[in-house]
Structure formats: structure tokens, C-alpha cells
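Please look through the structure shown here. The text below goes through it part by part.

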Amino acid sequence: MIPTSGINGAEEQERRATSALLAVLSAVKEFGRGFVKPFGAPAGGLECFIEVPFVLGERRLYPDGLIRVSRGSKAWTALVEVKTGANNLETEQLENYLDIAREQGFDAVITISNEIPAIAGQHPTKVDKRKLRKVSLHHVSWSQVLADAVMQKEFRGVADPDQAWILGELIRYLEHRKSGALEFDDMGEAWVGVRDQVSAGTLRSTDKGIAEVVARFDALLRFANLQLGRQLGTEVVPVLSRKETADPSIRAQGLAQALCATGELSGAIRIPNTVGDLVVTADLRSGRVTCHVDVDAPREGRPTTRVNWLVRQLKAAPDSTRVETFVAHARGSQAAELLSVVRDEPSTLIHDAAKEIRTFRLATTTTLGTKRGRGRGSFIDSVLLSVDGFYRDVLESLRAWSAAPPKLRPAAMSESPEVDPDVSTSLVSTDYSSQDGASLAPPRTGSLPSPDFDSNTQP
């Protein structure tokens, strides 16, 4: 339905991508609502327009699109700027559109490009913050648009079959190489220089290019989230501390320091309903990429029982998976062994049976590519394949331990057997208790026996 033939340049590519996206946003109710909701738009009728002319000073400007959501007498309006291929957003152009939006009383400016910001919610282009006082600026990558479209159609659902088919055609278009909606495919111009400096041990935090490499790595992790979430039908997100979310520079500084000190870049991915976060560590010095997850051990049972509980869940995991144990009140791991050995001899992970195993760590390590782009031997593909493989072979099959439900105690009998019905209950001095076993239940004969009691003796 959406043709890719006849695309001869960036301008035509952007126009078709904009038209296709805005048309489907207005045609597929669920997809349109899901697209504008994160930007603060209300639920209501959604209308889309392309290349609406505006006058700014003495110039006539044409934003790529305009979205309007109407609810009663109120309307929410946003300008849309689109870039495809390797084209990046321009500061001057965005600031002009922010000025137009402010003059027209619009609510937001939304940008769409192949740029993936290092942290969600962060815009890849720097603009004058004074222009954001009355108008908000939002960014969506084409990878995010494609992931949301797939999740809406395949997992969340579209009520109308015709609308579901239309959304499928948008997915088909965006997945075509001529659409300009590219996947993450480049570690940036600074990658080769920084990589070589890390290998030589000469990289310093003040060197040029390190900030770009760090930002590209976080962008790669976000792309891995989108790709994995698209396959799983759920929202996969990067793991960030509160401080890192509030101030992205803290995360960037931490990565830069680690890269200089150890040659490593690392980050974590959170997948709903899994036993733990998936941690990715790329070691540029050793040329290895490692994925690992920490699993809480059962809180009861012998150490061997706890190890066997874990091994039973790893039937599909490769023999080369590394298993480590962490015990209470100790630093570092107590023991580490390959899964192939642990399967045959669980006791290899137990150095001291008196110490309680608290956590298991499962890790797989593969070769790290070094090339800047995509394809065989590339850094990007080696990280993506490692993440997908670890989830499929290890993380997907793990279930958190849960204690067995408590067993119901036998209730105290309201009336013990062997009760003599001819004796008044007021004369009975004992009663059956839950603390009495079956053999300890007191006889109830109605008398008050005592070894030394004589009825003819006066007290």
C-alpha cells in the first residue's frame, strides 16, 4: 500500500516517511493514541497534516507535519519535524519551529529521526532552553516508531481488522531499506581512535571522542532494548539510578572513567517478569563481551539442594555458561565453575557447607567485534547477538524461588474421644489440646484419678 519505488533522494524519502506515518496515526486509533499520549496529548479525535506553511518574521517555513488532538472545545497541537537516513536534526531549524509553536499557541514540537539519544527523554539536539518555557520538545527514533507499531499490532491488538492491516503495511514500509528508517548501524567517527587507544592503554578522560563513544554505547543499549522488546511484545528498558535519570552527565562520566581505567563499557537491561537485570559488559582490551544475571538463591535447604534447584532450570543453557556463588557475610564470589562441570558435580560450587548461599551469578562470554559499522566482526552486532543469545538460552528459562505455602496444623478437638456422657463437664479438670499427640490425649472417664487419692480419707 505504501510504495518504496521512485525514492530518489533524501527529500522524497522524508516526505514519504512523514506522509505514511501521519496517515496511519490518524487511521489507526490505537496506534495514534499510543504515539501522542507520552507527549501529554489528551484522548480525543486525532488529525494530521503535512507541510503546513507558517510565517516567521519575513520567512515562510514548512514544518514536515502537524498533529492536532481535539477533545470538546480544547485542542492539543504539535509540529512534527522528520529526518531519514543519516540526516541529523538541525538546531536552527528546531528553534525556528519552537518559535512558531510559541507564537501560534501550540503545545509541542516532535522530532523523528534515526538518532537514538543515550537516555530516554533526552533530545539528541541541543537548543536554547529559553525556547522551551512554553513549548515542549520531544524526540522519537524510527526504531522506537517501528517497535511501537509491531507491539501494537502483534501484542496489544487493533480492534478493527482493516486498521490492523493498514498498520501492518506501515511496518512493512519502515522495515524496507529504502524507507530511510534505519537501525542503529554506526558507532561514530571517534570509535576507531578510542578503540585503538584503549587497546594501547593510552586513553585518558580528557581525550577527544570519548564522549561520543560513550553516548553511542548507551544508544546501542537502547536499540537493543527496542529490538528485544519488539520480539517479546513488552517494554524493555535500560536500568538507571535516580541520579543518572535526573542528570545524564553522571552516567556519561561514570562510563568514561570506567573505559579509561579498565577498558570496559557496561550497562543493564530490565525485562519484565525476569529474575533479574541483564548486565552487558564489553571489554575492549580483552575483546570479549559478557552478559550476566544475578539470581537470588532459595532461602531454605542445604547448599547442594540450592545448587540443584538452579541447575534444573538450565537445561537449554550452553555448557560454557559460568556459574558463581555468593555467600552471606562475604565479599566476592565463593566459587565459580562452568555449567558442564556443575551439572555432573554440584558440590564444586560449595567450598564451605556451613556458609549460606545467597546469590548465584550466571554469565556467558563471547568474542567482541571491533568494526565501527554493522556486519560480521562488528562491535554492534556482537553486542546485539550476545544479548539475544543470553536471554534465549539462560534468562528466559529462569524462575524466582518461592517458599512452599505453610501447612495447616491439626486443630484442637472440640470433644475428645472416650468421654463418659454420664459425667457432668463441670467435674472434668482436663481437656484435649493441640499440644497433645494422639497417644497423649487424656482419658475422660468422669473421675478425678490420683495415685494417692482415697475417697474415705478426710483432707
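**A walk through the model**

Alanine 268 touches Val237, Pro238, Val239, Asp277, Leu278 and Val279, leaving aside residues up to four places away in sequence. The model is a predicted one, and these contacts are read from it. Alanine 268 lies in strand S9, which covers residues 264–270. Is this alanine buried or exposed? Alanine 268 has a relative accessible area of 16%, and the limit for a buried residue is under 20%, so alanine 268 counts as buried. Another residue to find is valine 280, which is 12 residues from alanine 268 in sequence. In space, the C-alpha atoms of alanine 268 and valine 280 are 6.0 Å apart.

Next, turn to helix H6, made of residues 191–200. Which residues of H6 are buried? They are Trp191, Val194, Arg195 and Val198. Viewed down the axis of H6, these buried residues fall within an arc of 100°, so they line one face of the helix. The buried residues of H6 pack against three helices: H7 (210–232), H9 (248–262) and H12 (379–393). After H6 comes glycine 201, with a positive phi near 75°.

Last comes the confidence of the prediction. The protein chain has an average pLDDT of 88, and 90% of the residues score at least 70. For residues 455–459 the pLDDT is below 50. How many contacts does this stretch have in the model, beyond near neighbours in sequence? The stretch 455–459 has 0 such contacts.

Conventions
Residues numbered from 1 in each chain as written. Predicted model: local features only at pLDDT ≥ 70, side-chain atom pairs only at ≥ 80, totals over all residues. Heavy atoms only, no water. Helix = DSSP H or I, 4+ residues; strand = E, 2+ residues; numbered from the N terminus. Buried < 20%, exposed > 50% of the residue type's maximum accessible area, 1.4 Å probe, protein only. Contact = heavy atoms within 4.5 Å. Arc of directions from axis to C-beta. pLDDT = per-residue confidence, 0-100.
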